[in-house]
Amino acid sequence: MNPTIYAGRQLRNDEKNLKAIADGYEVKLGHKYWLAEALQKDAIQNGWDAGHGKEWSMRFELKGAQASFLMIQDSCTSGLNGTIWKDQEELTSILENGDRTENLAHFLSSDFSTKTAESGGKRGRGKSIFLFASQNLIFYFDSQRASSRDYVAGAIFIDSDKGAKVEMTSGDAATKYMKEKTGEHYSPIKTSGTRIFIKNPREEVVVAIRDGSMINFIEKNWWEIIKKYGAHITVCDGTDTKQAQVPMWYREDLCKEKGLEPKEYPNLKLSSGDNKYRIKRVFLIYNPMGDTPESLVGISIQRKGMSIERRSTEALVKEDGMSKVYGWVEMEPELEHAMYDLEDVEHLGFIWTKKPAKDLLDLIKIQIRDFAKEVKLIESELSKEHKAHKQIEDDIAKKVNNFLKNIGFSGLALTKRKRTGKKRIGEIPLRISLADFKLAGGSRRVNYGETINAIAVVVNELDISLHAIHRTWITDEGGRVAKIKEEEIDLHKGISRAQGWERMKVSKEEFPPGDYSFKSKLTLLEDTDKELPRIGRLEKGKEIIVSTAFSVEKDPKAQGFIKFEPIVDKNKERYITTRPEAGVLVVEYNTQHPYISNLMPTERAADLGRFLLETGIIIAFNEVMAEDISSDKPRVFTDVNDDYDITKILPRVMEEVSKFMWQYQ
Amino acid sequence: MNMAIKLRRGENFFYAPVTGLLDKKEQKRADEIYTSAKNAVEKLNKTRRSGTIDILAGWHLRGVLINQIIQKFGITETEKKYFWMMLYDVSGMTVPDHIRKNDFHVASILANYPLKRLQEIGAWSMWREIIGSTKIGNDDRVARWVVDYIVEKKIKTRDQARPLLMAVRNRLKRIDASILSSGELANKLQEVVIKNN
């Protein structure tokens, strides 16, 4: 006798799954109104993804004196378009095709979301949270569809067998269905869009709507679309209706009136691994009073008009008073797309250890620090006594950097330009040479009283003469021209012409302390038929430009992977800390720490050097590991990944440190 | 005559660029420019309060008002850098890092065209991206040539405009257009059209 074979779907406890999903939100949001915050975020994100023209709106409304329903409606959206299927087989076939225009089918199915980075949503989590928000684990929906102008309605609920079930109907039957289910609260939908009725919403959601928390959550999460597109979002507690506004703290004009200092850093470049991205803007605001509402403090990371998460400013830059800086970051689409892959399903955070998130965060840290210096929240230059050990710091950094360079780490990625291996411009027969540009000593630092040779030489090795303008100038960081020379020249074939300042004495009057650029430009004043590699045709208006940098009375920006810098902080937790800075990892050592303080006298310089070497290399390898973990192409810690036993990380770092320290006695 | 623009630094005012002492006449001119700009901003705010104006129309109107001021006071190219900064200040907006790439400059160029024609082609964001490009926006002649071309060819979207913009940028790469006569510049831009047809 053949054994009986049972075939069917594996039974699932969807109620339990729902609870697990809700727990994910609760843990991440961590406050008593977590469900209300999650609900508005997913509902608005669904509504916004369904099309947002000028008339777009969204409404949350408690229905009935006992709040028997919470209605959420998006208007002037696409509605639940797509096939009105007849049976399970047809539905399965629609889902398998993965057609993104089949909104109705996807709305009624679990884990079949077709949403991509172009939308805000992920894996249909919103529906789960609607369901969980009902004490009866049921919500009804109806939709006036924009494509076919017909009407559909139905429900999603957890049945007595703990499985999630759906009902769906259309046309007149749908109207009858909704009237029956929602009773006196039913009214026809006037414009295209979708509406859901959450039956017996949970108490915490009702309270959040009544006490104004819900509108605050909306303003906190969706201020960008309200600000940019005038998005109309209202919340009605059954009596009063409130419209979500842009919080005053995110309005530039009002910030200025209140005495806050806002600053926009637009269009920033971000280099991450082999990819290049752009940040639309980092907007930072300094509030000297420090009375920014708790819900808005920190840096909001925006994606698709939604605030995904807020990073504590104090944690990003470990300096006193940093909590007074807040703001937001907007990304260009390519970066949003890459970040979407690192976003959690609840839209509440990113995986910051992976690229490009890691590099984005480093860039944000740098920007905040620069801003903090501008608003004088932190000191921009160290006092003289803290420059005393500069030579030791540089020597040790050089040792570490040389070692790391050999294993492929020459600096943090961020804004660093990748070498392309193209020919140097010096090999081209018409060029400007800076071989005669010479500073005192070997470094790029120049002090007052020293002389430099600021000379640029135009070399013409072509077989023709050229008529051109030659200009040479020196500018400071802000673009102010400190010195300039310009002349119209006839550049005869085979001839070189120098321009600039020979044995120029650097004075305080001409060169305030700072970074400078020495530039030289040749602009042709006639057309020729010559074509040169990289330069192209030598025609009227064509420019050849070269530049080099130097610093006056300050050290030039560091090259290499790490550099050391002393800090002064009474905070007991600050011993050795790090921060990114334009392609370099700055290792900060706290001179107020008793252990380090003992090493500061000049006679103990050798001990300080030893200390920096021993600790610096650990920090450096820690950062190498962070880079490797975030990268698709790890170079040193190829064996360390997300699943690595965290208790083994320090010993693993020490293995690499040991190899480095082997060369010292 | 020293040309100057009145700018605010905190609670105080100063005149930029500082090219020597200003006489009363020069200072009066700078003050009048400032007042005209403030009045223009107020006029615009009133129009916006009436609630009938879209973003492109708003910036077009700004451009018209700006051009009236430029023409009335004969604001020079040297002064313009500071003039844009002043406009940001009186409008209560943050000055962008690269002041030459600014919305007021874009508006000033667009104001030379009928609003309706611009609206037929694209939104403010498209125009902003087109003229905001450094190579195009830095020379009014290039910007006007690009806008003329887009209007004439009825290019409707940013994506459609991109190949043209890229070709213009590439053609003018490493070229100082400011030393070219209008005829020489037009010839170079014409090469872009021939190459792309």
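Colleague: In β13(A), what's the bridge partner of Ile279(A)?
Modeller: In this predicted model, Ile279(A) has Met331(A) as its partner in β13(A). Strands here, like helices, are DSSP runs numbered from the N terminus, with at least two residues (E) for a strand and at least four (H or I) for a helix.

Colleague: And how many bridges join β10 to β13(A)?
Modeller: Seven, with β10 (residues 275-286) of chain A running antiparallel to β13(A). Two strands count as paired if DSSP finds at least two bridges between them.

Colleague: Does β11 run parallel or antiparallel to β13(A)?
Modeller: Parallel: β11 (residues 299-303) of chain A is joined to β13(A) by three bridges. Ser300(A) sits opposite Trp328(A) there.

Colleague: How many residues of β13 are buried?
Modeller: Six of the seven in β13 (residues 325-331) of chain A, which leaves that strand mostly covered. Buried means 20 or more other C-beta atoms within 10 Å of the residue's own, exposed means 12 or fewer, and partly exposed is in between, with C-beta atoms placed from the backbone.

Colleague: What are the ground rules for numbering and confidence?
Modeller: Residues count from 1 along each chain as its sequence is written, while chains are lettered from A and ligands numbered from 1 in the order they are written. As the model is a predicted one, local features need pLDDT of at least 70 and side-chain atom pairs count only at pLDDT 80 or more, but totals for chains, interfaces and linings use all residues.

Colleague: Switching to β7, which side chains point to which face?
Modeller: They alternate along β7 (residues 232-236) of chain A. Ile233(A) and Val235(A) face one way and are buried, whereas His232(A), Thr234(A) and Cys236(A) face the other way and are not.

Colleague: What does β7(A) pair with?
Modeller: Its partners include β1 (residues 57-63) of chain A, in the parallel sense over five bridges, where Ser57(A) is matched with His232(A). β8 (residues 241-243) of chain A pairs with β7(A) in the antiparallel sense over three bridges, and Cys236(A) stands opposite Thr241(A).

Colleague: Which residue takes a positive phi in the β7(A)-β8(A) hairpin?
Modeller: Gly238(A), with phi near 105°; the hairpin has four residues between the strands.

Colleague: OK, the interface. How many residues does each chain put into the contact?
Modeller: Chain A gives 15 residues and chain B gives 12. On the chain A side, α9 (252-257) and β9 (261-272) each supply at least two, and β9(A) has the largest share with four. The chain A residues split into four nonpolar, three polar and eight charged. Contact means C-beta atoms, placed from the backbone, within 7 Å. As for the classes, Ala, Val, Leu, Ile, Met, Phe, Trp, Tyr, Cys and Pro are nonpolar, Asp, Glu, Lys and Arg are charged, and the others, Gly among them, are polar.

Colleague: What's the strand order in the five-strand sheet?
Modeller: β15-β23-β20-β17-β18 in chain A, an open sheet with mixed pairing. Its edge strands are β15 (445-446) and β18 (481-491), each pairing on one side only. Inside chain A, β20 (residues 514-524) and β23 (residues 543-552) run antiparallel with 10 bridges, and Lys519(A) is opposite Ser547(A).

Colleague: And the three-strand one, what's the order there?
Modeller: β24-β26-β25 in chain A, open and mixed again. β24(A) and β26 (residues 584-590) of chain A run parallel over six bridges, with Ile562(A) partnered by Leu585(A).

Colleague: Last one: how many helices and strands in chain A?
Modeller: 16 helices and 26 strands, and 36% of its 665 residues are buried.

Conventions
Two residues are in contact if their C-beta atoms, placed from the backbone, lie within 7 Å.
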